[in-house]
Amino acid sequence: MAEKLATLSFHDGKPSVDFPIYSGNEGPDVIDVRALYGKTGLFTYDPGFMSTASCRSSITYIDGDVGILQYRGYPIENLVETCSFLEVAYLILFGELPKKDQLDTFVDTITHHTMVHEQLSRFYNGFRRDAHPMAVMCGVVGALSAFYHDSIDINDARSREISAYRLIAKLPTITAMTYKYTTGQPFMYPRNNLSYVENFLYMTFGTPCEDWKPNPVLTRAMERILILHADHEQNASTSTVRLAGSTGANPFACISAGIAALWGPAHGGANEAVLKMLDYIGDVKNIPQFLERVKVKEDHTMLMGFGHRVYKNYDPRARIIQKTCHEVLEALDLKDDKLFKLAMALEKIALEDDYFIKRKLYPNVDFYSGIVYKALGIPVPMFTAIFALARTVGWIAQWNEMLGDADAKIGRPRQLFTGAARRDFVPMGQRK
Ligand code: CMC
């Protein structure tokens, strides 16, 4: 029984109706409107889920007004300083920071699932070499269900666990293979003596012709980027994974659906769009003119990497990645990089502009991630694929949480119908 109630009253004399209010551990309370239709014959109307909690979750907490992001209660700033990506993955998946032996076992398990079925490499040949990496990723990850039939029984806990390991382990391999395929270089097999992040960089940048040595600064930068992108509560792609999963679809299909949703420029595709935008602006002197265009709605030009549905303050991920960006550019002697200088100038001018101040539009994680990727030598179309690699951890944790939630049901929104009312069929010859 909920302690608090909300009362819905009507102006036309209909009796008022009470609804329970639930409190989480942090964040706004929610009104449970599940009985609304049964009690009143009314639906709620909330396109874009502006005021709707679609589920309960204990994984990630965001306070967008203050700029807080926590995985399982731990502030992102602490995790990024000390943890490896797999340590954070363990935390997100299992709810607690791993002890040394737990982490060792987890890392060992993931390491021994990094190879993909050999036939999967031939699957790539069906794609054009100039295909967008996200198109390839949607296809290849979806196809995993055809290669790993033995772990798609979603009602079996062990099966779900193996799928989770497979997805987390194989995503770096698949992402690197996508890069290799589009560049025409041979696929590189994973190496078990490398860490998760080193392995991804090795499979991406290594070739069979020469030795490859990890660069600690770049490895650390990539580790941080992956941690920052690992989960972000009920965003569009995570909600897509949950919606697909609510039908009983297998985990590989659900993650592929998440990748498709992530691709859009309003979501994960923004990191690629930021680079394209900076290229387009070209020079600091063109910033004012570009910002004037952004303010004209009819122009449909957005300042990419700015704004967020939840953060109405500086995105905490952007603060961290801005620092990482400085470190990487310093390490690579790219401090005077024109693109970076342009980004800094654009950020400064936008943050002082009334349009952005009034709307509480601040830089988000994608504003700087693209610059770091570019400095690491990653081609622009690959940016969102790396976001997908990292977010796979969050998607799986959220999918698993949903499958264990007694309140979860097939996702089936309703609508406010605005089409034609019932009318008589008109035979072809009588149509005007
Ligand atoms: N540039 C210019 N105007 C903007 C921007 C922007 N980037 N973002 C929002 N606005 C304006 C918007 O036009 C609206 O103005 P008005 O009140 O005059 O109609 C106001 O700010 C409120 O925006 P909104 O569209 O209601 O906000 P939303 O919550 O629906 O959209 C968003 C959030 C992220 C889709 C949007 O800010 C956006 O498209 N940003 C650019 C794309 C981007 O960087 N996306 C990455 C998000 S972070 C990574 C991730 O989670 O995937």
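**Close-up 1. Cysteines in the predicted model: the disulfide count is zero.** In this predicted model, no pair of cysteine sulfur atoms meets the cut-off of 2.5 Å for a disulfide, and the count therefore comes to zero. Cys55 takes part in no disulfide, and the cysteine sulfur nearest to that of Cys55, which belongs to Cys254, lies 14 Å away. Cys55 has a relative accessibility of 24% and so counts as partly exposed, a class that sits between the limits of 20% and 50%. Cys83, by contrast, has a relative accessible area of 5% and is therefore buried, since buried means under 20%.

**Close-up 2. The surroundings of Ser151, a residue of the loop between helix 6 and helix 7.** The loop that holds Ser151 follows helix 6, which spans residues 133-147, and leads to helix 7. With a relative accessibility of 1%, Ser151 counts as buried. When residues up to four places away in sequence are left aside, Ser151 touches Ser159, Ile162, Ser163 and Arg166, and also Pro251 and Phe252.

**Close-up 3. Ser163 within helix 7.** Helix 7 covers residues 157-183, and Ser163 is found in this helix. The relative accessible area of Ser163 is 0%, so this residue is buried. Beyond residues up to four places away in sequence, the contacts of Ser163 are Ser151, Pro251 and Phe252. Pro251 and Phe252 are also among the residues that Ser151 touches, and the contact between Ser151 and Ser163 links the loop residue to the helix residue.

**Close-up 4. The ligand and the 22 residues around it.** Among these 22 residues, those that come nearest to the ligand are His267, Lys297, Leu303, Gly305 and Arg309. By residue type, the shell around the ligand divides into twelve nonpolar, six polar and four charged residues.

**Close-up 5. Polar atoms of the ligand facing Leu303, Gly305 and Arg359.** A polar backbone atom of Leu303 lies 2.7 Å from a nitrogen atom of the ligand, while a polar backbone atom of Gly305 lies 2.8 Å from an oxygen atom of the ligand. For Arg359 it is the side chain that takes part, with one of its N or O atoms 3.0 Å from an oxygen atom of the ligand. Taken alone, the ligand exposes 940 Å², and the protein buries 75% of that area.

Methods. Residues are numbered from 1 along each chain as its sequence is written. This is a predicted model: local features need pLDDT of at least 70, side-chain atom pairs count only at pLDDT 80 or more; totals for chains, interfaces and linings use all residues. Side-chain values use heavy atoms; hydrogens and water are left out. Helices (H or I, at least four residues) and strands (E, at least two) are DSSP runs, numbered from the N terminus. Buried means under 20% relative accessible area, exposed over 50%, partly exposed in between (1.4 Å probe, protein chains only). Contact means heavy atoms within 4.5 Å. A residue is near a molecule or strand if one of its heavy atoms lies within 4 Å of it. A polar contact is a pair of N or O atoms within 3.5 Å; within protein, one must be able to donate a hydrogen and the other to accept it, and residues adjacent in sequence count only if both atoms are side-chain atoms. Accessible areas come from the Shrake-Rupley method with a 1.4 Å probe; for residues, only the protein chains shown count as cover. Ala, Val, Leu, Ile, Met, Phe, Trp, Tyr, Cys and Pro count as nonpolar, Asp, Glu, Lys and Arg as charged, and the others, Gly among them, as polar.
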